[in-house]
Structures are given as C-alpha cells and as structure tokens.
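Q: Could we go through a structure together, feature by feature, with the general idea given before the particular case? I would like to begin with how the strands of a sheet are read.

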Amino acid sequence: MDDKELYFWRGPLPETQALPPDAAPEPWGETRVVGKPVTRVDAYDRVSGSAIYPSDVILPDMLHAAVLTCPHAHALVKKVDTAGAEKMPGVRAVLKDGMPGTNVPWFQGRGGFSSRLFDPHCRYEGDEVAVVAADTIYQAWDAVRAIDVEYEVLPHAVTVEDAMKPDAPGLRDGGNVPPAAKPYERGNVAEGFKAADVVLEQTYTTPCELHNPMELHGCVAKWDGPRLTVWESTQGVYAVQSGVANALKLPLANVRAIGPYMGGGFGSKLETGKYSVMAALLARKTGRPVRLFYTREQVCRSMGNRPANTISLKVGAKRDGTLVALESRAVGTGGAYAEDGTGGVDYLIRELYTCPNVRCENSSALTNAGPQRAFRAPGHPQGAWALESLMDALAARLGMDPVELRLKNVPAASQTRNGVPYSTTGLADCLREGATAFGWAEARGRRPAPSHIKRGVGVAAGMWQGGAGGPPSTAIVKLFPDGSANLNMGASDIGCGTKTWGAQIVAEELHVGLDRISVEHADTGTTQFATPSGGSKTVPTESPAIRSAALDVKRQLLSMAAEQLKVPAADLDLRGGEIVSKADPAKKLGVGQVQAFGRRGVLVGVGYRGPNPQGKATNPFGAQFAEVEVDTKTGEIRVLRFLSAHDSGRVLNEKMFRNQVNGGVTMGIGFGLTEERVMDRQLGKLLTANLHDYKMPTALDAPADKTVIAIDPHDTFCNTGAKGLGEPATIPTAPAIANAVFHATGLRVTDAPMSPARVLRAMAALKPAPAGRKGEE
Amino acid sequence: MLRTFAYVRPGSVGEALEQLEERGARVHAGGTDLLGCLRDGVFEASKVVSLSRIGELRGITAAPDGELRIGAMATIAALAAHPAVKERFTALSDAASVVASPQLRNQGTLGGNLCQRPRCWYYRGGYDCVRKGGETCYAIGGENQYHAIFGGGACWIVHPSDTAPALMALDARVRLVGPKGARVLPLEKFYLLPDDDATKETVLEPGEIVLGVQVPPPAKGTRSAYRKVRARGSWDFAMAGLAWAIAMDDGRVADARLVLSGVAPAPWRLHAVEKLLIRQRLDAKTVARAAAAAVVGAKPLEQNAYKVPLVRGLVEDALGAASRA
C-alpha cells in the first residue's frame with residue numbers, strides 16, 4: 001500500500017505549493033514553548049462543560065429525530081406502513097424509501113458496493129429503514145415503534161466461515177467473496193524456510209472491536225434558504241461537507257460543516273454518515289432544525305468495528321536469530337458492505353523486521369454484520385498480536401532474549417517501498433532505552449515465587465504505516481497590532497490536542513504567550529481545507545503548515561519594521577511583542593508601533609504543507625514493556641506496570657504525548673484483555689450492543705504505574721520533525737502483555753482477548769511447562 | 001427511550017402495597033436495573049412505584065444480640081462501608097464492595113440487588129426466550145460463555161447478584177410483605193430454579209416486596225469472605241464467585257457454608273463440600289477433595305467449561321485462606 005493510499009484518503013493527494021526553498025525554515029533548536037508540558041488551551045472549557053460539542057447544540061424550534069433500523073440480520077423490506085406514526089402527537093415528518101428526496105445512493109465503507117439511503121435489502125441488523133422527526137425525542141421514538149414493517153426474513157451468515165460456504169446467502173450479486181487480491185511476495189519463502197535452522201508456526205485470533213467513542217454519532221442540521229449548516233461529531237468537517245453536498249446535489253459552497261469539539265471517533269467518524277443526510281432531508285421537509293443522534297445500541301451495530309482476524313503465521317530463522325522467512329495467511333470479514341476484512345493486517349509482517357523472504361495472503365468475505373470502519377491503526381494491532389507473539393516464541397526457542405532477537409532484525413530501510421531508507425528510525429533506541437528504563441534484564445531474571453500467582457515481563461515492538469502526513473494543508477495565522485494572534489485551520493481535534501500544539505507553534509515563532517492566541521478550526525465556513533484527522537497524520541500534516549504561516553507573518557512584520565528602523569530585516573528579531581535589532585539592541589519597536597502594520601489592522605500569514613522528501617520513508621516506531629501477574633487458579637491477568645518508548649519524532653507537548661500514549665495503551669489493554677464483539681449465529685444479531693456486555697477496560701484494568709519515554713531521532717522530513725503518535729501507541733500493547741503472561745506461566749495464549757475464560761481454556765488444553773523463563777513453546 | 005408510565009412515591013409500606021395492586025405496576029428501589037429493563041423493552045410498566053420515601057425500609061442496624069438487620073432500601077455503598085458489616089459479616093461487605101461500579105453502588109439498593117433480573121444477553125436482547133415466556137433458550141445453542149454450569153434446564157441464566165451468595169453463606173433470612181401478609185424465609189428458599197419456574201428468579205408473588213434482610217450473629221471462630229472473578233476490574237458481573245463462612249474450632253472445621261455466584265440460575269450452595277469439610281483439618285488433601293466435590297454434577301455448555309476449573313480454583317483459594325486463619 002502506497003502511503004498516499006491510506007484509509008483516510010483515496011487516490012493521489014494534490015501537492016500543495018510549499019514555501020519557496022529559500023524560505024524553508026531550519027529545524028528548531030532549543031524551543032521555549034514547543035515540547036513543553038503545557039496544559040491544553042481548552043482544558044477549562046472541556047472540563048467545565050462550556051465546550052459545545054455537536055450533541056450539545058440546541059437551536060430554536062429544533063426537532064428530534066429517531067431512526068428505525070432492521071431487527072433482522074438479513075431481510076427484504078416488503079412494506080413500510082407509516083400512517084399510524086405520522087398521526088401521533090408531535091410527529092412532524094417521516095421518511096422512508098420511495099419518498100421524494102430519499103433516492104440517495106449510498107456507499108458504505110471502502111471497496112464496498114452501492115445501496116441506497118433506505119435500501120429495502122437490509123444486509124445486517126441495523127440497516128436503516130425509516131426516520132422520524134418529532135417535537136421531542138420521546139415522541140420520535142414512540143412513532144418509530146408505531147411504524148409497521150413487513151419483512152421477508154432471509155437466511156444469514158455472520159461468520160466468515162459461514163459466508164464463504166458455497167450455499168451461503170448472498171449479500172449482493174456475484175457472491176460474498178470478493179476477487180482475491182494478489183498475495184504480497186518478496187524473495188522466495190520456500191527457499192527461506194529451507195535455509196532456516198528453526199521454523200515456528202502458529203495460528204492466532206483477534207477480537208472484533210467496537211470503537212464506542214464517548215460521543216455518539218450524529219449531527220444537527222439547519223437550513224437558511226438554500227444553505228445547509230451541519231454541526232457534526234466528525235474527524236473531518238471537509239469530508240462531511242463533500243459527502244453531504246454530493247448526496248444532496250448541493251454546491252459545496254452551500255454546505256457548511258462545523259465540528260470544533262467532538263467526543264472521539266477512533267476512525268469511526270471519518271466518513272459521512274447517513275444521519276447527516278437524513279437530518280438534512282427532515283430539516284428541509286419540516287423547515288426546522290433537526291437533531292439526529294444514533295443511540296449507543298445503534299452505534300454498536302452500525303458505526304464500524306475492527307474486524308476479527310484469524311492469522312496463521314510461520315517464521316524461519318537462523319540459529320543466531322536472523323530472520324530468513326515469514327509467511328502469513330489472514331482471514332477476516334468487513335461485515336456487510338465493506339469488502340475488506342484484513343486491511344493492514346500484514347503490514348508489520350512485511351515491514352517491521354528485516355526479512356528477505358516474505359509472503360502474505362489475505363482473504364475476506366461479506367457477512368450479515370455491522371460494516372467495519374477504520375479503527376485506530378487498522379489491521380496493525382491484529383498483525384502485531386500474531387507477529388510479536390511469534391517473535392517471543394522464537395526467542396524462547398532460540399534461547400535468546402526477546403529484546404536482543406528484535407534488535408538483531410531492525411531494518412534501516414523500508415522493504416515494502418523498494419528499499420528506500422527511513423528518514424529516521426528510532427526502533428532500536430525504543431527497544432534499548434525502553435529495556436533499560438523498564439529494568440528489563442533484572443525483571444527477566446527474577447526467580448519465580450512458589451505461588452499460584454505468577455509474575456512475568458514481556459516486550460513487543462511496532463510501527464505504523466502512516467504517521468508521516470503530507471500535503472495538502474493550509475493554515476492561516478493572523479497577527480493583531482497588540483501582538484496577539486489567531487490561528488485558523490480546518491483540522492479537527494479528535495482528542496490529540498490540535499488546538500494546543502497549534503497554539504504552541506504560533507507562540508514559539510511569534511514569541512507571544514499562549515493566553516494571547518486564539519484558535520479557530522474545523523469549520524468549512526470559516527477555516528481552511530484539511531483532510532480528515534486519521535492515520536496519525538494531523539500533527540505531521542498540520543504542524544509544518546502552522547509553522548510556515550507563523551513565519552510568514554513574522555517575515556512580513558520584520559520587513560515592515562526593517563524599513564521603519566532602517567536596518568536589514570535579517571538583523572531583526574521578534575521578542576515578547578517587541579522587534580529588536582540583533583546588532584544594536586537599543587534599536588527596537590513595539591509590534592503596535594510598526595506604522596505600516598497599524599494601517600493594515602491585521603497581518604495575515606499563510607502556510608502550506610510541503611511534500612515529504614523523495615526517496616525516503618517516514619514512519620513512527622515504538623516498543624512497549626509490560627509486567628503482569630497471573631492467577632493460575634482463576635485465569636485472571638493483572639497488568640502491574642507498563643512502559644512505552646515511542647519514536648514519533650519531535651514531541652510538541654510532553655504532557656499530551658504521555659497522555660496519548662497511555663490512552664493508546666489502555667485501548668490496547670482492551671484489545672488484549674477485555675473487549676470483544678459477540679454475534680449470535682442463530683439469529684445473526686449483536687449481543688454486545690451496550691457498554692456492559694461490550695467490555696471496555698475500566699480504570700481498574702489499566703495499571704497506575706505507567707511510564708512513557710520519547711525517542712526523538714531528529715527527523716527533518718518536515719519543518720517540525722514531528723511524526724504521528726495516536727495509532728502507534730496502541731499497536732504493540734496486547735502482545736507485550738501476552739508475552740509477559742508466557743514469561744510468567746509458560747502458557748502461550750494465542751486468542752485475544754485473554755479473558756479468564758480463554759486463559760483457563762488454554763491451561764486446560766495444554767499442561768504448561770514449569771516456567772516460560774527457559775521453556776520451549 | 002423510555003415509554004410513558006405513571007410514577008408514584010408512597011410514604012408507607014401499606015400505601016406501596018396498595019399502589020402495587022395495579023397490574024403492570026413495578027417497584028422502583030434504586031432503579032439501576034429497572035430503568036435499563038424499561039428502556040430496553042425487557043418488560044413494561046404502566047406504573048412505577050418508588051419506595052424511596054418509606055423510612056422503615058432504610059437503615060443498617062447491628063442489634064444488641066449481634067443480629068444484623070438491613071433494610072431493603074439500604075444502598076450497596078452503605079453496606080460496603082458499614083463498620084459492623086466489615087468486621088463481623090466480611091463476606092457481605094466484600095460482596096457489596098465489588099458490585100457493579102461506584103456510581104451504581106451509590107444508587108443501587110440491597111433489595112434491588114437481591115431481586116434484579118438476569119443479565120443473560122438473550123433475555124435482555126430482542127429474543128423471545130423461555131424466561132420471557134417463549135419456547136427457546138437461545139443460550140443452549142448460542143453464545144453461552146457466561147451461562148450456567150449448574151441448575152440449568154429449560155433456561156441457563158446465571159443469577160447476577162453478589163450480595164445474595166454472601167448473605168446465604170451468612171445464613172440470612174429475608175423478610176417479605178405482600179397482599180397476603182408478611183413472611184420470613186431463609187434466603188435459600190427465596191430463589192427459584194428454572195425447574196421450579198423458568199420465568200421468575202424469586203418466590204415473590206405479584207405485589208409482594210422485600211422489606212429487608214436479617215443475618216444472625218456468626219458463631220465464634222467464624223471467618224467469611226467473598227471473591228469474585230470477572231472479565232474486567234469493575235462494572236461487571238461474576239464469571240464465578242465464591243462466598244464462604246467457615247467456623248474453625250481447635251484447627252478443625254466446626255461449620256462451613258459455601259455459596260457460588262455466576263454459575264447457576266440461583267446462588268449455588270455447595271452442600272456436598274460443606275458436609276465433607278465438617279470436623280476436618282484444612283490440609284492439602286481435604287482442600288483437593290473439596291475442590292473436586294465442588295464441581296460434581298457440573299454440566300457445562302459449549303463455551304463455559306472453563307467455569308469448572310474456575311470453581312475448583314475458587315474453592316482451593318478460599319480454603320487456603322480459611323486455613324491461614
């Protein structure tokens with residue numbers, strides 16, 4: 001997969017004009033503001049409740065909408081009788097298939113096929129059938145329950161095995177199994193395995209995870225004449241603008257999408273939802289603003305998931321630990337509509353370690369289940385679960401330290417991208433410095449206590465295929481005569497602190513306090529174009545444009561001051577609201593005293609994101625270390641402490657860096673220990689459609705003892721040197737825990753999540769070796 | 001989204017019983033389970049009768065004779081924090097402290113915890129199952145990793161309460177009042193198995209409510225505890241749990257009561273284990289025999305056989321702890 005074909009963007013990206021080369025800034029040396037652990041600029045708004053999230057928006061005369069979804073895994077809608085519902089108190093509009101305006105083609109998920117807004121062929125429990133707008137949400141739901149639908153229930157398949165059977169019920173013409181993609185191949189794996197001293201093979205399974213962001217999916221829609229405004233909980237307002245404009249055949253200029261605050265997405269809010277189109281249609285029909293948010297159950301069913309995968313992986317190595325062959329077969333389902341159930345699963349197998357002979361084969365099938373969406377590092381945690389577990393097993397078989405085995409195989413170049421070198425790789429340093437800070441050697445050598453509660457430590461490494469960012473991005477910085485500034489950009493803040501690090505960059509370059517910088521963003525009506533925040537690319541995409549915009553303002557200001565002070569602009573510096581001559585510090589001028597500036601009222605600086613360097617690959621890397629306690633009588637695993645070492649280039653804010661890593665680790669603990677979507681095969685329905693049955697980790701599941709180390713190899717791929725972090729942070733977590741469980745008990749749990757049930761099942765299936773410390777697989 | 005219902009807050013037990021005579025009336029104690037069931041359409045209510053104004057249902061009292069009296073409306077959090085409960089009825093305070101989450105413990109009541117409906121995802125989901133009067137127990141051929149290994153039959157739910165097994169281990173009695181008058185039952189007789197009636201978990205008659213629970217003073221030398229194993233650290237029901245109260249006399253077991261949670265449609269008392277332990281020293285051999293006896297008669301479904309070694313582990317763990325007394 002080319003870096004420009006990542007899931008958050010399809011097709012080649014336009015290259016935006018960068019600063020002229022002579023204006024390209026030098027990398028930062030010492031910084032005053034950038035990198036410092038400053039508190040988020042919007043922290044007070046967020047914790048006090050004064051931040052208005054899309055689901056908080058209340059407009060005069062606003063109606064509330066509720067969606068009727070199909071209760072069957074697979075059915076044809078024969079008749080929808082809305083007559084009773086339409087007469088109920090407070091009901092203002094009902095929409096169903098066949099009504100004017102509803103014939104909107106719908107494209108659900110990448111690589112999928114077309115259906116329509118209220119497609120009568122319902123392909124999973126949760127497909128939309130009708131929508132009601134009423135004065136109150138209770139009236140809307142009463143009306144939804146009063147709609148009488150006649151379904152012809154069809155046979156269903158909710159597992160990939162069932163869907164691949166020849167007589168499986170078809171989700172579309174042409175069958176459930178899309179044409180097989182060509183396997184990835186380099187070298188010759190058969191020869192590689194022949195040359196290996198040790199060959200290990202294992203099959204691993206991973207859970208289907210639901211994103212479950214805190215804020216539900218939905219929007220508020222309002223028309224002003226021909227112009228539509230949508231307040232939406234989204235990772236990208238420009239994606240919403242184009243999606244809605246396209247669905248409703250509106251000029252882009254007439255659709256304004258607003259979403260500066262949003263309560264989490266993790267990839268599930270990259271695309272335009274049917275809710276935006278339904279809310280807009282209802283608002284147009286009623287002449288009133290409409291609020292439409294899905295319920296938690298509907299979000300669990302319909303708003304995406306991380307596909308479950310079964311990965312069979314085989315590794316061949318020399319006695320000294322040199323890898324000679326890797327071969328994988330992965331199977332998965334993207335559910336209904338989304339063809340690809342294995343996207344990104346084999347990336348680490350192909351790229352993380354030096355290996356001359358690699359073959360990866362993936363297969364998917366459509367099923368009658370909720371369609372997948374990108375989920376924090378699509379495919380990577382699944383791939384890491386297999387690869388990093390098998391690396392640990394290989395280390396045990398070779399009698400090597402797991403850190404040493406990994407260090408033996410750290411690549412300097414990208415093997416999947418024609419061998420181009422990485423602009424920087426901190427993988428080895430993450431492993432080495434992480435191990436030192438964790439006390440790896442000492443913990444590894446500790447003698448087991450004679451108890452049924454066993455302790456152990458484990459390591460896993462990872463990288464993320466994105467994280468370099470790139471064009472397009474435009475940022476605007478406005479400087480006011482009192483030295484205060486405004487940053488304007490289109491990017492969303494999906495939790496990673498976009499406003500804060502953006503303001504820090506402006507503060508750094510314009511030498512102004514953070515309290516004198518305002519930020520406006522994520523509004524297609526007033527801010528610049530940005531691609532959706534996904535792929536861990538918001539920092540590396542936006543930060544260089546912001547820095548360039550701040551420098552553009554500074555250059556203009558200094559050149560005006562130079563004329564006034566009659567010194568060369570190169571002699572001037574901006575310091576705390578004053579322009580000072582470097583040669584003669586007595587020569588200085590307050591920002592407001594620059595006459596040419598005063599006449600203009602405001603100085604506008606524009607910055608673009610330039611292209612990444614040719615012939616280099618840029619990726620973030622990381623290594624994580626876990627210490628666990630396993631109760632071998634009950635199968636309970638407790639994570640006692642955790643250390644994460646991450647190379648994401650320059651750190652823009654040390655506190656947010658730590659918090660983002662620990663958030664990723666907590667999500668990884670969910671993947672490794674607790675989270676799992678469960679479908680019932682009998683009726684094809686989702687059993688875990690709430691936050692009790694779908695078990696996200698609680699505060700008690702994450703260790704209090706968490707350490708985060710930043711490895712900065714001083715990358716210059718962009719003018720801030722900052723790579724992405726959000727996704728890398730969650731990739732190696734689960735296998736680090738599994739490897740610690742093996743070290744503690746000698747038991748290799750190959751199926752995630754490692755619930756007490758799975759641990760006990762694995763113990764029953766296998767009489768464990770006395771200890772993993774010297775044991776063989 | 002909740003449907004419309006009437007809501008009343010009577011001031012006395014008598015008034016509450018009158019209000020509950022209406023068909024379709026439901027009791028509201030803490031509401032943590034009721035509201036979820038109403039919202040999800042598990043059952044409906046035309047009227048919700050709150051017990052929150054009835055003073056006599058509140059309170060946790062350690063009587064002079066050593067008996068513990070707990071009103072049905074005492075919150076789980078209050079129970080977990082009560083000094084006398086912690087000191088002398090440890091299993092109950094252990095159990096109360098691991099119920100659900102802090103928010104739910106603050107709101108939830110003991111009466112509600114004893115009477116809560118099962119958490120089976122088929123019962124709670126849109127399935128016309130046996131417990132809702134249908135024909136099929138979907139757990140038998142479906143996703144049954146959290147279901148019963150004991151006492152199943154027409155239905156394989158597990159009883160979700162943590163406090164019930166603890167109270168049963170402590171030999172508690174439950175006080176009920178209804179249209180036909182008041183009665184006191186050993187807690188063990190309060191619960192039903194599917195073989196008795198697969199549509200209800202307790203013997204409560206229509207319009208009957210729990211007034212409170214009374215726990216006799218533990219015999220000299222008694223220790224008790226509750227240990228719960230769950231899929232995550234908080235806000236979760238037991239995959240299996242064990243409440244025990246064991247009285248030791250001169251190094252030998254004088255009396256023992258062991259009750260499991262999370263493995264049967266009612267709190268599951270281990271009579272055979274109790275019998276086997278009497279007058280024994282808790283040495284390795286006895287512990288092994290007891291652990292083996294605990295799982296005799298277990299009938300695992302396709303996905304919950306792990307509960308067999310889990311129960312054995314819990315029994316070993318508990319007796320190990322008791323032997324260190």
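A: In this predicted model, strand 2 of chain A and strand 8 of chain A run antiparallel and are joined by six bridges. The general idea behind such a reading is that strands of a sheet pair through backbone hydrogen bonds, in either a parallel or an antiparallel manner. One pair of residues fixes the register here: Ala75(A) has Val153(A) as its bridge partner in strand 8 of chain A.

Q: Which strand, besides strand 8, is joined to strand 2 of chain A, and by how many bridges?
A: Strand 2 of chain A, covering residues 75–81, is joined to strand 6 of chain A by two bridges, and these two strands run antiparallel. Leu76(A) has His121(A) as its bridge partner in strand 6 of chain A.

Q: What is the strand order of the sheet in chain A, and which strands form its edges?
A: The sheet is open, with three strands in the order 6-2-8 and antiparallel pairing. Its edge strands in chain A are strand 6 (121–122) and strand 8 (148–153), each of which pairs on one side only.

Q: Is strand 8 of chain A buried or in the open?
A: Burial is read by counting neighbours, a residue being buried if 20 or more other C-beta atoms lie within 10 Å of its own. Of the six residues of strand 8 of chain A, the number that are buried is zero, so this strand lies largely in the open.

Q: How should the whole of chain A be described, beginning with its helices and strands?
A: Chain A has 19 helices and 30 strands. Its radius of gyration is 27 Å, close to the 28 Å that the globule rule gives for 777 residues, so chain A is as compact as a globular protein of that length. The C-alpha trace of chain A spans about 85 × 70 × 45 Å along its principal axes, and 59% of its 777 residues count as buried. As for contacts in chain A between residues at least 6 apart in sequence, 81% join residues at least 24 apart.

Q: Into which domains is chain B divided, and how many residues are in contact between domain 1 and domain 2?
A: The division of chain B gives domain 1 (1–54), domain 2 (55–116 + 158–215) and domain 3 (222–323). In chain B, 14 residues of domain 1 are in contact with 17 residues of domain 2. On the domain 1 side, helix 1 (residues 13–19) of chain B provides the largest share, three residues, and by class that side holds eight nonpolar, four polar and two charged residues. The C-alpha centres of these two domains of chain B lie 19 Å apart.

Q: How many residues of chain B are in contact with chain A?
A: The contact brings together 24 residues of chain B and 28 residues of chain A. Helix 13 (residues 307–323) of chain B gives the most to the chain B side, with six residues, and that side has 11 nonpolar, eight polar and five charged residues.

Q: To finish with a single residue, where is Arg227(B) placed, and is Arg227(B) buried or exposed?
A: Arg227(B) is in strand 9 (residues 222–229) of chain B. Arg227(B) is buried, because 21 other C-beta atoms lie within 10 Å. Leaving aside residues up to four places away in sequence, Arg227(B) touches Gly241(B), Leu242(B), Leu314(B), Asp317(B) and Ala318(B). The C-alpha atoms of Arg227(B) and Leu260(B), which are 33 residues apart along the chain, are separated by 9.6 Å.

How values were computed: Residues numbered from 1 in each chain as written. Chains lettered and ligands numbered in written order. Predicted model: local features only at pLDDT ≥ 70, side-chain atom pairs only at ≥ 80, totals over all residues. Pairing = 2+ DSSP bridges. Helix = DSSP H or I, 4+ residues; strand = E, 2+ residues; numbered from the N terminus. Rg over C-alpha atoms; globule rule 2.2 N^0.38 Å. Buried ≥ 20, exposed ≤ 12 C-beta atoms within 10 Å, placed from the backbone. Contact = placed C-beta atoms within 7 Å. Domains from an automatic or database assignment. Nonpolar A, V, L, I, M, F, W, Y, C, P; charged D, E, K, R; others polar.
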